[in-house]
Each structure stands twice: as C-alpha cells, then as structure tokens.
Amino acid sequence: MAEPAGNTAAGAARLASVSALPRPAPAGGREPSRGGYRLEPAFYEPARVPAEVLHQAQIWRGLPVGSPGKVGILQLGFDRNRGRTELVQHYQKSPLQIMHPLYYNELRPDMAYTYLMSAGGGILHGDRLRTDLRFGPGTSAHVTTQTQTRVYRMEHDYASAIMNIAVEEGAYAEYLPEAVVPFAGSRFYQQTSAVVDASATLLLGETLYAGRLARGERHAYDVYASDLEVRRPDGRLVALDRVRLRPGAGEPGGSDGVNGLGVLANHDVLAMLYVFTPLVPPAQLADTMHRAVAESGGDLIFGVSTLPGEAGVWMRLVGNDTVAVAAANTAAAAAVHELLTGKRAPVIRKS
C-alpha cells in the first residue's frame with residue numbers, strides 16, 4: 001500500500017466522488033472496520049448487482065467477502081506537472097497494484113502509460129475489486145492491464161469488479177484493458193462508470209473470450225454481466241451499455257442462448273470500443289474506425305455507430321480468432337489515437 005504525501009484526504013474525496021451511482025448505507029448500523037472506509041461494503045460492493053448474478057450470492061465456510069485478500073482497491077489520480085502528465089494520487093490494496101507510469105512514446109513524451117496488475121493469478125469467488133481512475137484537466141494518459149483477466153471456477157457466491165473513471169476538462173484518456181477470460185463455472189459482474197467532461201476525450205475498450213479456448217472450453221461459465229454507464233459532470237446520461245450472458249439460459253444454438261444470432265452467433269470473442277470526444281465530428285470518427293477494422297484482416301463481424309448527442313462513436317465486433325480480434329482492436333484504437341492527437345500511436349509494450 002502506498003500513498004504520497006500531500007493533500008491525501010482531498011485526493012481521496014475526489015477519487016471517491018467519481019461514480020454517479022448512489023452508495024447504499026451499511027445495513028444495521030455496522031461499525032466501521034479497522035481498515036477504514038475503503039474496507040466498508042458500501043465502498044467496494046456494486047450499488048446494484050444484476051439479478052442474473054445476485055442469485056448466486058451465498059455465505060460459505062472459508063474466506064467470506066471482505067476477508068483479507070478478498071477486497072482489492074486501486075485509486076489513481078493524474079495531473080499536469082512539470083510539463084507532462086504525472087501520477088499524483090496513488091492508493092493500492094492487494095491484490096490490485098501498478099507499475100510506475102512509463103513514458104516511452106517518443107512522439108508524446110508527456111503521456112503517461114500505466115499498467116494495472118494483480119498479485120493473484122486471477123479472480124476467485126467472493127472477490128470484490130474496485131478501481132478509481134481520475135484524469136485531471138489537460139492530462140494525457142494510457143491505462144491498460146498487464147495481461148488477461150482470468151475469472152476462475154466458483155463453487156460459492158460470485159465476484160465483482162467496479163471501475164470508476166473521471167476525465168476532467170480537456171483531458172485525453174485511454175483505458176484499453178486486455179480480455180476477460182471467464183473459466184467454466186465462473187460468475188462475474190463488471191461495472192464501469194465514467195464521468196467525462198464535454199471538453200474531454202475517453203477511449204474505452206472491453207473484450208471477452210468465451211472461455212479457455214485453447215482447451216476447447218466455450219461458454220461454460222455460469223454468468224457474465226457487465227454494465228457501462230457514461231455521464232457528464234452534471235449527471236446527464238451520455239451512454240449506457242449492458243451485457244448479460246448466461247449460457248444455460250437458452251437451448252444450445254437457439255436464438256435465446258449466448259450463441260444465438262442476436263447475441264454472439266456462435267463466435268468465441270466479443271469486443272467493444274467506445275470513443276467519447278468533441279475533437280472531431282462523429283461521422284469522421286466512425287469512418288476512421290470502420291476503415292481501420294476493415295483493413296486489419298480477419299474473419300470478423302462488426303459494426304460502428306455514432307452515439308446520441310454527437311458524443312462520439314462505439315464499435316462492437318465478434319470473431320473466432322483471438323489474434324485477429326486483437327489486431328482489429330489495436331488498429332481501431334491506433335487510428336483514433338492518430339486522428340485525435342495528430343501523432344502515430346506507439347506499440348504498447350506488454351513484455
């Protein structure tokens with residue numbers, strides 16, 4: 001755990017205010033835990049959990065929710081300092097942690113590149129994770145994960161991960177994590193809430209595998225659910241996207257199962273990329289993204305649409321080749337980066 005000197009209380013308050021979702025008060029007047037407010041359920045539990053996931057909740061023998069190592073907290077704040085974007089607020093509680101931001105983009109030496117990591121090999125039942133990212137006025141930063149997020153088989157309960165993102169005036173932020181891999185029998189809920197100033201830019205990605213594909217494991221998880229909610233600082237809703245996948249909810253190959261034509265259509269990989277920006281017209285942004293994916297190669301099905309209110313664009317694609325999907329994601333993000341910054345995107349180092 002590390003937290004720099006300075007106005008710690010004010011910084012924590014700014015990070016904690018990222019989410020627009022109300023936090024329920026602890027039931028029964030529960031006394032604060034010794035770990036402070038960050039270890040209170042109201043801080044790390046999602047304000048709402050989809051019914052498809054919540055019905056898996058249960059109490060079991062062993063390490064329950066809230067036990068040491070079951071709650072991971074990561075709070076990062078970036079501001080302009082010394083002519084570049086620097087990490088000025090940092091709190092981490094295992095298993096979540098980061099490396100020190102890197103500055104390897106020779107064309108944008110002011111842009112911070114930060115890798116999110118986990119001290120554990122993956123996510124277990126009863127895990128509750130929360131990450132807050134704040135990008136201050138005029139900052140430029142890229143945040144990604146070191147590797148794929150593995151969600152292990154669960155015998156009890158479920159796991160959840162909250163991601164709160166605040167992008168302030170004139171900031172440029174990219175949050176492009178590696179894929180989520182839900183193992184057989186896993187139950188996972190991911191809630192992403194972003195507050196984006198009208199003058200700011202946010203690139204946000206999400207990729208999901210059907211399972212451990214090299215083992216022939218496809219859609220053997222119990223349930224995967226994710227919510228994305230993007231708002232303006234005054235609370236106005238910009239975009240809302242929900243994913244609910246329950247392989248056992250429909251007949252195999254049927255129209256109401258995850259392999260149905262209206263869902264994944266027998267594909268193994270689902271990917272989304274959202275871009276919120278006022279810097280270029282949405283139509284130009286959509287054409288750029290569409291062209292980049294189309295020219296990336298691979299047998300993919302995808303679509304690119306503009307968001308309501310001229311807020312930006314979003315892309316959704318499905319495919320069976322993880323390499324082709326990764327190439328398409330990279331090509332789309334790189335094309336958008338170059339269009340919006342005027343600089344070629346660097347190769348993101350992962351090894």
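**Entry 1: D227**

Is D227 buried or exposed in this structure? I looked it up and found that D227 is buried, with a relative accessible area of 8%, where buried means under 20% relative accessible area, exposed means over 50%, and partly exposed lies in between (1.4 Å probe, protein chains only). Before going on, I noted that this is a predicted model, in which local features need pLDDT of at least 70 and side-chain atom pairs count only at pLDDT 80 or more, while totals for chains, interfaces and linings use all residues. I also wrote down that residues are numbered from 1 along each chain as its sequence is written, and that side-chain values use heavy atoms, with hydrogens and water left out.

D227 lies in strand 13, which covers residues 223-231; helices (H or I, at least four residues) and strands (E, at least two) are DSSP runs, numbered from the N terminus. The side chains of D227 and Y189 are joined by a polar contact of 2.7 Å. For a polar contact I used a pair of N or O atoms within 3.5 Å; within protein, one must be able to donate a hydrogen and the other to accept it, and residues adjacent in sequence count only if both atoms are side-chain atoms. Setting aside neighbours within four places in sequence, I listed the residues in contact with D227 as P50, Y189, Q190, Q191, T192, D241, R242 and R244, where contact means heavy atoms within 4.5 Å.

**Entry 2: The chain as a whole**

I counted 5 helices and 17 strands in the secondary structure of the chain. Of its 351 residues, 54% count as buried. Among the contacts in the chain with a separation of 6 or more, 74% come from residues 24 or more positions apart.

I then turned to pLDDT, the predictor's confidence in each residue, from 0 to 100. The chain averages a pLDDT of 87, and 84% of the residues score at least 70. Among the elements of the chain, strand 9 (residues 172-175) has the highest mean pLDDT, 98, and helix 1 (residues 8-16) the lowest, 47. Over residues 1-9 the pLDDT stays under 50, and the model has 12 contacts beyond four places in sequence for them; over residues 15-32 it also stays under 50, with 41 such contacts.

**Entry 3: Rings and charges**

I found 6 aromatic pairs in the structure. One of them is formed by Y37 and F43, which are edge-to-face, 5.4 Å centre to centre with 90 degrees between the planes. For such pairs, rings of Phe, Tyr and Trp (its six-membered ring) must have centres within 6.5 Å, and planes under 30 degrees apart count as stacked, over 60 as edge-to-face and the rest as tilted. Y37 is partly exposed, at a relative accessible area of 41%, whereas F43 is buried, at 7%.

The ring of F43 also has the charged end of R130 over it, 3.8 Å from its centre; a charge sits over a ring if NZ of Lys or CZ of Arg is within 6 Å of the ring centre and within 35 degrees of the ring normal. R130 is found in strand 5 (residues 128-135) and counts as buried at 2% relative accessibility. Its side chain makes a polar contact of 3.0 Å with the side chain of D132. I noted a further case in R38, whose charged end sits over the ring of Y91, 3.5 Å from its centre.

**Entry 4: T144 and L124**

T144 lies in strand 6 (residues 140-145) and counts as buried at 2% relative accessibility. Although T144 and P177 are 33 residues apart along the chain, their C-alpha atoms are separated by 4.5 Å. Not counting residues up to four places away in sequence, T144 touches several residues, including T114, Y115, L116 and P177.

L124 is found in the loop between strand 4 (112-118) and strand 5, and it is partly exposed, with a relative accessible area of 41%. Outside residues up to four places away in sequence, L124 touches K70, Y152, M154 and A159.

**Entry 5: Helix 5**

How far apart are the end C-alpha atoms of helix 5 (residues 322-341)? I found them 28 Å apart, which agrees with the span expected for 20 residues at 1.5 Å a residue, since the expected span is 1.5 Å times one less than the number of residues. At the start of helix 5, a side-chain oxygen of D321 comes to within 2.9 Å of the backbone nitrogen of V323. Just after the helix, G342 takes a positive phi of about 80 degrees. Among the buried residues of helix 5 I noted A324, V325, A328 and N329.
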